[in-house]
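User: I'd like a close look at the space enclosed inside this one, please. Start with what surrounds it, and then follow the trail outwards from there.

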Amino acid sequence: MSSVAFCRVLQMDEDVIEQIRTIEGHSARAWPAQTSTSIVGWELRLSPILSSKRTNSLNAVTPEAGRFAEALQTARMICHEQKVPCHVRLHPLGGQEPVDHLRALGLNGRGETTVEVLDLTDPYSVDQRVVFSDSLSDLWLDTNASTHDHGETERNGIRDSLASVAIPQGFAVACDKGVPCAVGRAALDEGLMGIFQIATLPSARRKGLGLAVVTSLLEWGQRNAATKAYLQVESGNIAARNLYEGLGFRPLYTYDYWTLPPL
């Protein structure tokens, strides 16, 4: 479902809007940017050392009506000064105003992602192929870099970013015949758990390693009093969505990225 459709639906459902607001706030704490600048209810998050647009974008928090153009201009100026692209991450909290404004500029969203949620009611078990830790390790960082095809600079940037997370985290690495092949991370705060950075090496797919990572993270969360989990998945990644929905995850909302041309 497009950003426009979601914005229209959610104008009528305050309960869903509050769920989204909670998840968005949790996600910002669980995957923090190096710098954050508040601009009339929007937040510009920048981590130039990282390739992730999630930590390099303008995001709605409590946007002030009629002031998106002002927020966007300020964000573009800051990005220009720092010599980084200006991305706007649009989700339902932004409403219809930014969609109309960006479309009027001739832009379209890309990289649609679905946020899915799960109530943690069923018991989960730890797969014996998974190495689990409550702290960040070189094993996790190296496996994450391999599965996401990151170089040394990005690996170290992720290390620094995750070391700054102030809420509890769990780190899972799944091995195939002793070789680390899949990875994932969770962060937990006030009963809500976010799941991030799930990936498997192409050569090790179709062996259930991604499922092993996710269920191990869910078990950790449940053991630490989590009652609900969420994750983000590319909307077009049917295999991953089938895996998550097989566990009971259900779609809640989508977001996408709109990239501005340089000033």
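Analyst: Let's first sort the amino acids into classes. Ala, Val, Leu, Ile, Met, Phe, Trp, Tyr, Cys and Pro count as nonpolar, Asp, Glu, Lys and Arg as charged, and everything else, Gly among them, as polar. Keep in mind that you're looking at a predicted model.

Now for the enclosed space. The count of cavities of 30 Å³ or more comes to one, and the largest cavity holds about 60 Å³ of space. Who sits around it? Its lining is made of Glu24, Ser27, Ala28, Trp31, Ala33, Arg45, Arg54, Thr55 and Arg89. Sort those by class and you get four charged residues, three nonpolar ones and two polar ones. Which element gives the most to this lining? That's helix α2, spanning residues 14-30, with three residues.

Pick one name from that lining, Arg89, and follow its side chain. Arg89 lies over the face of the ring of Tyr255, 3.9 Å from the ring centre. So one residue takes us from the cavity to an aromatic ring, and that's our way outwards.

How many aromatic pairs are there? Searching the whole structure turns up six. A pair of rings like this is described by two things, the distance between the centres and the angle between the planes. Tyr255 belongs to one of the pairs: its ring centre is 5.8 Å from that of Tyr257 and the planes stand at 90 degrees, so this pair is edge-to-face. (The cut-off for that label is an angle over 60 degrees.) Tyr255 and Tyr257 are both buried, where buried means under 20% relative accessible area.

Tyr244 and Phe249 make another edge-to-face pair, with 6.1 Å from centre to centre and 70 degrees between the planes. Tyr244 and Phe249 are buried too. Tyr244 also lets us step onto a helix, as the buried residues of α8 are Ala240, Arg241 and Tyr244. Look down the axis of α8 and these buried residues fall within an arc of 95 degrees, so they line one face of the helix. Ile238, Ala239 and Gly246 are exposed on the other side of α8. There's a handy rule behind this kind of pattern: an α-helix has 3.6 residues a turn, so residues three or four places apart point the same way.

You can try the same view on helix α4, residues 97-104, where Pro98, Val99 and Leu102 are buried. Down the axis of α4, the buried residues fall within an arc of 105 degrees, so here again they line one face. Gly106 follows α4 and has a positive phi, near 85 degrees.

Back to α8, since it leads to an open space as well. α8 (238-246) supplies at least two residues of the lining of the largest pocket, and so does β11 (250-260), the strand whose range takes in Tyr255 and Tyr257. What is the volume of that pocket? About 1,400 Å³. Of the 40 residues that line it, the closest to the centre are His148, Ile198, Ala199, Glu234 and Asn237. Other elements supplying at least two lining residues include β5 (110-119), α5 (138-148) and α7 (209-223). The largest share, six residues, comes from β9. By class, the pocket lining divides into 18 nonpolar, 14 polar and eight charged residues.

One of those elements, α5, deserves a last stop. Thr147 is found in helix α5 and is buried, with a relative accessible area of 12%. The C-alpha atoms of Thr147 and Val183 are separated by 7.6 Å, though the two residues are 36 apart along the chain.

Finally, step outside past α7. Ala225 is found in the loop between α7 and β10. Ala225 isn't a glycine, yet it has a positive phi of about 75 degrees, and at 57% relative accessibility it counts as exposed.

Technical notes: Residues numbered from 1 in each chain as written. Predicted model: local features only at pLDDT ≥ 70, side-chain atom pairs only at ≥ 80, totals over all residues. Heavy atoms only, no water. 1 Å grid on protein atoms, 1.4 Å probe; cavity = no way out; pocket = protein on both sides within 12 Å on 5 of 7 lines; lining within 4 Å. Points joined across faces, edges and corners; volume = space filled by probe spheres on them. Helix = DSSP H or I, 4+ residues; strand = E, 2+ residues; numbered from the N terminus. Buried < 20%, exposed > 50% of the residue type's maximum accessible area, 1.4 Å probe, protein only. Arc of directions from axis to C-beta. Phe/Tyr/Trp six-rings, centres within 6.5 Å; stacked < 30°, edge-to-face > 60°. Lys NZ or Arg CZ within 6 Å of the ring centre and 35° of its normal.
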